[in-house]
Amino acid sequence: MRRPLSTLLAGTLLAALGFGLAPSPALATVTERAPAAGAQVAAYAQWQPNTSYTVGTRVSYGGKDYECLQSHTSLTGWEPSNTPALWKLLGDSSGGTDTTAPSAPASLRSTGTTSSSVSLAWNAAGDNVGVTGYVVYRDGAQVATTAGTSHTVGSLSASTAYTFTVRARDAAGNISPASNAVTATTQSDGGTPPGTTPAAINGRLKVCGVKLCNQYGKPIQLRGMSSHGLQWYSHCLTNGSLDALATDWNSDVLRISLYVQEGGYETNPRMFTDRVHQLIEMATARGMYALVDWHQLTPGDPNYNLSRAKTFFTEIAQRHRGKTNLLYDIANEPNGVSWSRIKSYAEQLIPVIRAQDPTTPILIGTHGWGSLGISDGRNETDIINNPVQATNIMYTFHFYAASHDQEYLDALNRASDRIPIFVTEFGTQEASGDGPNNFTRTQQYLDLMANKKISWVNWNFSDDERSGAVFKPGTCNNNGPWTGTTSLKPAGVWIRDRIRTPDSFPTT
């Protein structure tokens, strides 16, 4: 997808001035008290100089609201009213004639704690026009605003109880009644206590109906990151980076992406198999699930690699079958091949795995580059009408939000009601893993997946030059820094924030 000329011109201007893409700034903590329900407040945060803004961010300035058209770091003199290439005027901030407040957000809950943070999630509020965001309150004081239905409140004291509420607001500035209050206590400075990691809580996973369920039989949603190809970016997977993924990002799952061709497994099966063994152990030690990805891509017919897959998965399943934190992804993105050929491959490989490991869930790639057939002009009915004859299996779906619009989102929505789906790869960019981010469309996917408890893994945990790699180039060679956001590209900042608010992992 090409960028509009105006965007390119703005990007050229910013580059010439020495400013590149930058992540959204952390929202400052303020001490404003909760307003009365229905009161009007400024719809958006006030524009400020020396602040990083990303595409789609909305601000108020001079009594008017604006939307960011080009990611940039603001300067004095670049006020929204002066820079139409950077900001689109939305209208007055007065709120017009809309005086109806949104409904209160429902089911506010704590989804995780550390010694210095509490992660929150809630159900979306309703409004006669449309909710534009939410205001988070800690002990009655406003501490954050967010466009989504989750947020992590940081800078807290250890071993301390805090009470939170959330209110919705609309474009006119009408504010809703408060949600239910929830009290959460931060952990002690000793870190995460035993038994609270994703793998420890949920145990061995299994497919129940069209959901992925934990050891208690409860549907859950895993969120995490995929490595890039091990032949290129294995050095991005270190003790330090995986510590950060597990404890700073709060990731539930690491997808271990083993390319078969393109300089991968087939060039040195022993070396690459040993590296996968090592990464499984590293993920296990950190309480994450290890999703072993047989990343066949070219040629697109997985049967080309059937013999190799049998050898590889036999050894992996035999060595790690006693673990309860595994998932096997047996065909990354089949392409240029019919669903019946993929089904035949799966039905030959699955019995080989089951001979070693009868219980770990197995994920099967779908046709059309993992698109349920949409990219091949087909759809999910091919699978629904001719499913793989095996148990404890799921089907995979991949999307890239800047390329895959409503047709793909609709297919995921329909198919997930009929077959169990795991989104084992997605990006906020174009299908190449590069180009501009479409965070708005990605959030639509994430909202759907949260509602249906569809687990997901983002591409990718490396410092590749493309916009889809979360780290800035050079981060891996410099061995970090891995925690926080200073080393992250805009997509990295955005996805880290969403991984940090995990599922509640029900146990009863």
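A crossing of two helices is called left-handed if the near helix is turned anticlockwise from the far one by less than a right angle, and right-handed if it is turned clockwise. The model on screen is predicted, so local features need pLDDT of at least 70 and side-chain atom pairs count only at pLDDT 80 or more, while totals for chains, interfaces and linings use all residues. Residues are numbered from 1 along each chain as its sequence is written, and side-chain values use heavy atoms, with hydrogens and water left out.

Select first helix α11 (residues 439–452) and helix α12 (residues 490–499), which pack at an angle of about 25° with their axes 12 Å apart; axes are lines fitted to C-alpha atoms, for helices over the stretch in contact, and angles run from 0 to 180 degrees between N-to-C directions. That angle makes α11 roughly parallel to α12, a term for angles under 35 degrees, and α11 passes α12 in a right-handed crossing.

Next, show the side chains of Phe 439, Thr 442, Gln 443 and Leu 446 in α11, which meet Pro 490, Ala 491, Trp 494 and Arg 498 in α12, where contact means heavy atoms within 4.5 Å.

Then turn to the strands, where β15-β16-β17-β18-β19-β20-β21-β22 form a closed barrel of eight strands with parallel pairing; two strands pair if DSSP finds at least two bridges between them. Helix α11 lies across β20, β21 and β22 (456–459), whereas α12 lies across β15 (223–226), β21 and β22.

Finish at Asn 250, in the loop between α4 (239–247) and β16 (253–259), which counts as buried at 18% relative accessibility, the cut-off being under 20% relative accessible area with a 1.4 Å probe and protein chains only.

Notes
Helix = DSSP H or I, 4+ residues; strand = E, 2+ residues; numbered from the N terminus. Parallel < 35°, antiparallel > 145°, perpendicular 65-115°, else oblique. Buried < 20%, exposed > 50% of the residue type's maximum accessible area, 1.4 Å probe, protein only.
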